[in-house]
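Here is a short tour to follow with the model open beside you. Feel free to click along as each residue comes up.

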Amino acid sequence: MVTPAVKREAVAHLRTAHEMSERRACQVIGAERMTVRYRSRRPDDPKLRERLVALARERRRFGYRRLLIFLRREGFVVNHKRLFRIYRQEGLKVRKRNGRKRATGARMPMPVPIRPHDLWVMDFVSDQLDSGRRFRVLGIYDVCTRQCLWAVADFSLTGKRVARELDLLMARYGKPKAIGSDNGTELTSNAILIWTAETGVDWHYIDPGKPMQNGFMESFNGRLRDEFLNETLFTSLQQARFALEEWRRDYNEVRPHSRIGWLTPAVHAATFGSQWARPLRIEGSAAWPIASADQSEINRNNRQIQPAAG
């Protein structure tokens with residue numbers, strides 16, 4: 001069933017894109033002209049909207065009907081139909097639980113970042129050594145500055161390990177306003193549930209099966225795969241970590257980014273003020289060798305895979 005609002009949008013599209021008259025567009029859509037011309041006179045109530053969002057975040061397992069009772073107790077005069085309309089406009093919903101207890105995240109869409117560290121996003125990618133043993137890479141990305149804040153490679157990356165890496169980043173950059181991710185088991189584990197409760201960081205999960213809701217991270221993963229993982233032969237985990245850190249520094253400090261006017265992410269971050277222009281090399285929780293590897297050995301191990309002839 002098509003709602004009147006959708007019909008109005010369809011008629012407006014036909015009139016602008018195909019230069020139809022209102023009468024003809026209504027005939028094509030099957031809408032009444034009175035419906036198309038109707039303009040809502042409902043007054044918006046920002047106080048009600050703000051309080052509803054606050055209650056939904058506080059009472060995460062309550063739907064709009066129970067929230068309506070709380071609002072009426074506080075003196076708001078509103079019926080259930082109007083409240084449900086606002087509830088849907090704000091993107092609020094109660095997620096269904098399946099199986100064991102997992103982190104559920106905030107009950108609203110990811111915020112649009114306007115300052116550095118407003119929103120961090122993260123995801124995993126995998127690759128393998130020349131011996132065939134597989135390893136994973138955890139990437140953490142700042143959506144506003146387009147910086148790769150950290151990338152760590154290891155054979156196993158659990159929820160506890162993710163929380164430990166986030167603690168190190170927070171010690172360096174401060175607490176982010178929100179973090180976004182998919183619904184992977186490591187990122188919905190009890191360790192992350194405890195970490196978000198202790199730190200107070202809003203964690204936003206995308207809807208299952210919709211990776212483009214985390215489109216910035218998907219784009220970064222594509223660059224990581226195409227420019228680094230597919231181009232490098234890894235002989236050991238140690239060599240992979242060194243090469244990954246070198247690529248991360250190049251991505252942040254040398255590689256131009258098309259979406260920020262071909263600036264590097266480090267230069268773009270500096271435009272927000274000197275407090276954001278910090279050195280990008282930090283120490284993670286991964287074990288590093290006591291003695292530094294010889295540069296010639298790193299260059300030799302970091303050899304490029306030559307494409308097949310033809």
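Arginine 49 sits in helix H4, residues 46–58; helices (H or I, at least four residues) and strands (E, at least two) are DSSP runs, numbered from the N terminus. At 17% relative accessibility, arginine 49 is buried, where buried means under 20% relative accessible area, exposed over 50% and partly exposed in between, with a 1.4 Å probe and protein chains only. Leaving out residues up to four places away in sequence, arginine 49 touches Asp44, Ile86, Gln89 and Glu90; contact means heavy atoms within 4.5 Å.

A word on what you are looking at: this is a predicted model, in which local features need pLDDT of at least 70, side-chain atom pairs count only at pLDDT 80 or more, and totals for chains, interfaces and linings use all residues. Residues are numbered from 1 along each chain as its sequence is written, and side-chain values use heavy atoms, with hydrogens and water left out.

Another arginine to visit is arginine 85, in helix H6, residues 80–89. With a relative accessible area of 25%, arginine 85 is partly exposed. Its C-alpha atom is separated by 9.9 Å from that of tyrosine 64, a residue 21 positions away along the chain.

Now for the chain as a whole. Its secondary structure comes to twelve helices and five strands, and buried residues make up 41% of its 310 residues. Of the contacts with a separation of 6 or more, 62% are between residues 24 or more positions apart.

Strands S4 (residues 178–181) and S5 run parallel and are joined by four bridges; two strands pair if DSSP finds at least two bridges between them. Serine 181 has tyrosine 205 in S5 as its bridge partner. Together with helix H8 (residues 190–199), S4 and S5 make a right-handed β-α-β unit: with the strands pointing away from the viewer, the path from the first strand over the helix to the second runs clockwise.

What lies in the loop between strand S5 (202–205) and helix H9 (215–227)? Aspartate 207 is found there, and it is buried at 18% relative accessibility. Its side chain makes a polar contact of 3.3 Å with the side chain of lysine 93. A polar contact is a pair of N or O atoms within 3.5 Å; within protein, one must be able to donate a hydrogen and the other to accept it, and residues adjacent in sequence count only if both atoms are side-chain atoms. Beyond its neighbours within four places in sequence, aspartate 207 is in contact with Lys93, Arg95, Asn183 and Gln213.

Two loop residues have a positive phi without being glycine, as set out here.

| Residue | Phi | Loop | Relative accessible area |
|---|---|---|---|
| Histidine 117 | about 70 degrees | between H6 and S1 (119–128) | 7%, buried |
| Tryptophan 262 | near 65 degrees | between H10 (237–253) and H11 (265–270) | 60%, exposed |

How many disulfides are found in the whole structure? The search finds zero, a disulfide being a pair of cysteine sulfur atoms within 2.5 Å. Cysteine 26 is buried at 3% relative accessibility, and cysteine 148 is buried at 0%.

Finally, confidence: pLDDT is the predictor's confidence in each residue, from 0 to 100. The chain averages 84, and 84% of the residues score at least 70. Under 50 throughout are residues 276–284, with 30 contacts beyond four places in sequence, and residues 287–310, with 25 such contacts. Where pLDDT is low, the predicted coordinates should not be read in detail.
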